[in-house]
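Reader: I have a model open and would enjoy a guided close look at one part of it. Could you walk me through it at an easy pace, starting from the overall picture?

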Amino acid sequence: MAGALNAALRDAMAADDRVIVYGEDVGPLGGVFRVTDGLQAEFGEDRIWDSPLAESGIIGTAVGMAMYGMRPVVEMQFDAFSYPAFEQMVSHVAKMRNRTKGRVTLPMVVRIPCAGAIGGVEHHSDSSEAYWASTPGLTVVMPSNPADAYSMLREAIESDDPVVFMEPKSRYWSKAPLALPVTTAPMDRAEVVREGTDVTLIGYGPTVRTALEAAEAAAAEGLSIEVVDLRSLSPFDDETVSASVRKTSRAAVIHEAAQFGGYGAEVAARVTERNFHHLAAPVLRIAGFDIPFPSPKLEEYHLPTADRVLAALDTWEWDA
Amino acid sequence: MSLNVEHASVRTLPSEKPLRLLDNAGHAVTGSATGGFGLPDTQTLLELYRKMVVARRFDVQVTALTKQGRLATYPSAYGQEACEIGAVAALTAEDWLFPTYRDSIALLTRGIEPADILQSFRGDWHNGYDQHAHRTAAQATPLATQALHAVGLSHAARLRHDPIVALTFLGDGATSEGDAHEAFNFAAVWQTPTVFVVQNNQFAISVPLERQTRAATLADKAVGYGMPGYHVDGNDIAAMYAVTSAAVERARSGGGPTLIEGVTYRIEAHTNSDDPTRYRAARDVEHWKRRDPIERLEKFLVSEGVLTESMRTEITDAAEALAARTRDVMTIEAELDPLELFDHVYGRERAALLEQRASLEAEIAAGAFASHEGAAR
């Protein structure tokens, strides 16, 4: 996936000289996850460069650059490092189009490597998606596989609206044969990545794999699980999700972030509001515990697993 | 307009006494207090005087309209005319301005219409003017955030080889914010064509400067970032104009950013909802009223024989005409379209917003909002 993102950046920069890339360590190092590897050598320091170590500065200057017609793609390096930029994101990036009645638009992409399961120490494994998704004006997407990573990043860069592009770190090393450039579904659409008839499991980013694992295990026990990869957190693709839920009549959402006030609450509420009479059971949430993200040696206890998903499904009254 | 600049050195500490080209009695200053800057020519000064008189009248008028309930709020810049106008007048129409909520008279100086300037304070929409047409960003309310936008925009212009400078205003309180630091540092590291003008009006709402910083001057902060800093008498428009012009030209020619501190005073309250008698003494306000930027320049222009009685009348008439126009536009309630609430959130249509828009439209059609009857389109 890191390679697919690298290719997407390279192709976008080659296609449009307004696309610029900066952030911490994105230059000669190629980013701590090597997503920007080789780009500075290819495009030069006027197109991609290392910024001072200051996240609010990165986002705030990107606002000014986008105002001048550039298409900045900036990196936050790690999820929890984006918090110093919260004000710029919420007060300006999200609101600029609105406060100026559409006269000033911000075609910028904020790349945020996100979530855990890589053995990261404190502040390197957060799931911050709910903060961004609950902010009107932002578009928030999270690919789960290399093909989507390429296609969605190209689309995000071409978007005239600011996009928070979240990259699940645990999927950086996932591999898939790809003939580039690849175009998958539009980035605001969810996708059914596994067909099933009994349960809809809704995941995004890292938990799509968890959902697929659970579906695989359940199939052995004769339970047919459909898996929906949300891909876009904001906007939410009600149509695809509701169609699946109406088919299966049961739904559960999986995410790594804490459950309380988390993104899963929005999913459960939307699914229920729109499909209550089609539901045979309450919508479940399988999430991380309501605790700060734990240390590396303890994270396996915190992260939702396929077993936890299956255990949660067992809490439903299946005869009903 | 002409200016005379000798030099500026990055390693020099800003002067402890503010740079001044005209003293409080309106006499030209000579010697070290000028920092090597020369007095702008009298025609330039006359033009700056006109702009200050018109802006003062506008500010007084808007404050009065606020007291009459025509505006939800208005942060006055009374007393800060030299800072605001001296700095903005140094820009060309191609340059960009990144203002804060207190900089309405700077917007006026940029040629923006009163109704458009006041749209946000009246409560009609967050911002009312065309940012691109006036090369003036939306007024920022969160402190120091706009300084980073100025750095980014001017850096982008430089990457494009466009000779454009971005000037941004900050208050003394804003220099305590993290974004001020990040903006100063990014600008210095990237050597962007940015001019930071700190209007030190002594108070951040009620908190005085000594509770804000231990630095001897706010201009001192520039030294740590590796850019020139100037400590200027912000009630001397000749000095503000000369120093800002030099900084703008230096930025335009690739010399990087500059930090200018204009020492001034906020004569009015923070906004109409503030009570300044709780935190400052009347004698301090009187002291600063005696250092009025307009009177100072007026004394000089009269003593030079540049400002005649007929000219003064003509300028006063122009100011009164603008005030009348401002009164007129503020008595007309703007036609607001509540459905426009949904129009400028995203460029791409969103199903959820279309649904919410339709539901509001139905509510309006059903007469749920009597005041907006007929507003649905």
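What percentage of the 377 residues of chain B count as buried? After that, please take me closer to helix H13 of chain B, and then on to whatever else deserves a look.

Author: Happy to, and please keep in mind throughout that this is a predicted model. To begin with your question, 54% of the 377 residues of chain B count as buried. The chain's secondary structure comes to 13 helices and seven strands. Its C-alpha trace spans about 75 × 50 × 40 Å along the principal axes. For 377 residues, a compact globule would be expected to have a radius of gyration near 21 Å, and chain B agrees with that at 22 Å. The contacts tell you something about how the chain is put together: among those between residues at least 6 apart in sequence, 74% join residues at least 24 apart. As for the surface, chain B exposes about 15,500 Å², and carbon and sulfur atoms supply 50% of this area.

Now for helix H13 of chain B, which covers residues 351-365. A good opening check is its length. At 1.5 Å a residue, these 15 residues should span 21 Å, and the end C-alpha atoms are indeed 21 Å apart, so expectation and model agree. Next, look at which residues face inward: the buried ones in H13(B) are Leu353(B), Arg357(B), Leu360(B) and Ile364(B). Because these cover an arc of only 65° around the axis, they sit on the same side of H13(B). Turn to the other side of the helix and you will find Ala351(B) and Ala365(B), which are exposed. Following H13(B) comes Gly367(B), with a positive phi near 85°.

While you are in chain B, helix H12 (residues 309-331) offers a good residue to zoom in on, Thr326(B). Its relative accessibility is 0%, so Thr326(B) counts as buried. Leaving aside residues up to four places away in sequence, Thr326(B) touches Phe58(B), Gln61(B), Val62(B) and Leu65(B), and also Pro114(B) and Leu118(B).

Let us move over to chain A, where strand E3 (residues 71-75) makes a nice companion piece. Five of its five residues are buried, so E3(A) is largely enclosed by the rest of the structure. The side chains divide between two directions: Arg71(A), Val73(A) and Glu75(A) point one way, while Pro72(A) and Val74(A) point the other way, and all are buried. Strand E1 of chain A (residues 19-23) runs parallel to E3(A), with four bridges joining them. To find your place in this pairing, look for Val21(A), which stands opposite Val73(A). E3(A) is also joined by three bridges to strand E4 of chain A (residues 109-114), and these two run parallel as well. Here Val74(A) is the residue to look for, standing opposite Val110(A) in E4(A).

Just ahead of this sheet region is Asp17(A), in the loop between helix H1 (2-15) and E1 of chain A. With a relative accessibility of 59%, Asp17(A) counts as exposed. The C-alpha atoms of Asp17(A) and Met70(A) are separated by 8.5 Å, although their positions lie 53 residues apart along the chain in the sense of sequence separation.

The loops of chain A also hold some backbone details. Lys101(A), in the loop between helix H5 (96-99) and E4, has a positive phi of about 55° although it is not a glycine. Its relative accessibility is 25%, so Lys101(A) counts as partly exposed. His123(A) is found in the loop between E4 and helix H6 (129-133). This residue, also other than glycine, has a positive phi near 70°. With a relative accessible area of 46%, His123(A) is partly exposed.

Finally, take a look at two cis peptide bonds in chain A. One joins Leu180(A) and Pro181(A), with omega about -5°, and Pro181(A) is placed in the loop between strand E6 (163-168) and strand E7 (191-194). Another joins Ser234(A) and Pro235(A), where omega is about 5°. Pro235(A) belongs to the loop between strand E10 (232-234) and helix H9 (238-248).

Conventions. Residues are numbered from 1 along each chain as its sequence is written. Chains are lettered from A and ligands numbered from 1 in the order in which they are written. This is a predicted model: local features need pLDDT of at least 70, side-chain atom pairs count only at pLDDT 80 or more; totals for chains, interfaces and linings use all residues. Side-chain values use heavy atoms; hydrogens and water are left out. The expected span of a helix is 1.5 Å times one less than its number of residues. Buried means under 20% relative accessible area, exposed over 50%, partly exposed in between (1.4 Å probe, protein chains only). The arc is that of the directions from the helix axis to the C-beta atoms. Two strands pair if DSSP finds at least two bridges between them. The radius of gyration is taken over C-alpha atoms; the globule rule is 2.2 Å times the number of residues to the power 0.38. Contact means heavy atoms within 4.5 Å. Accessible areas come from the Shrake-Rupley method with a 1.4 Å probe; for residues, only the protein chains shown count as cover.
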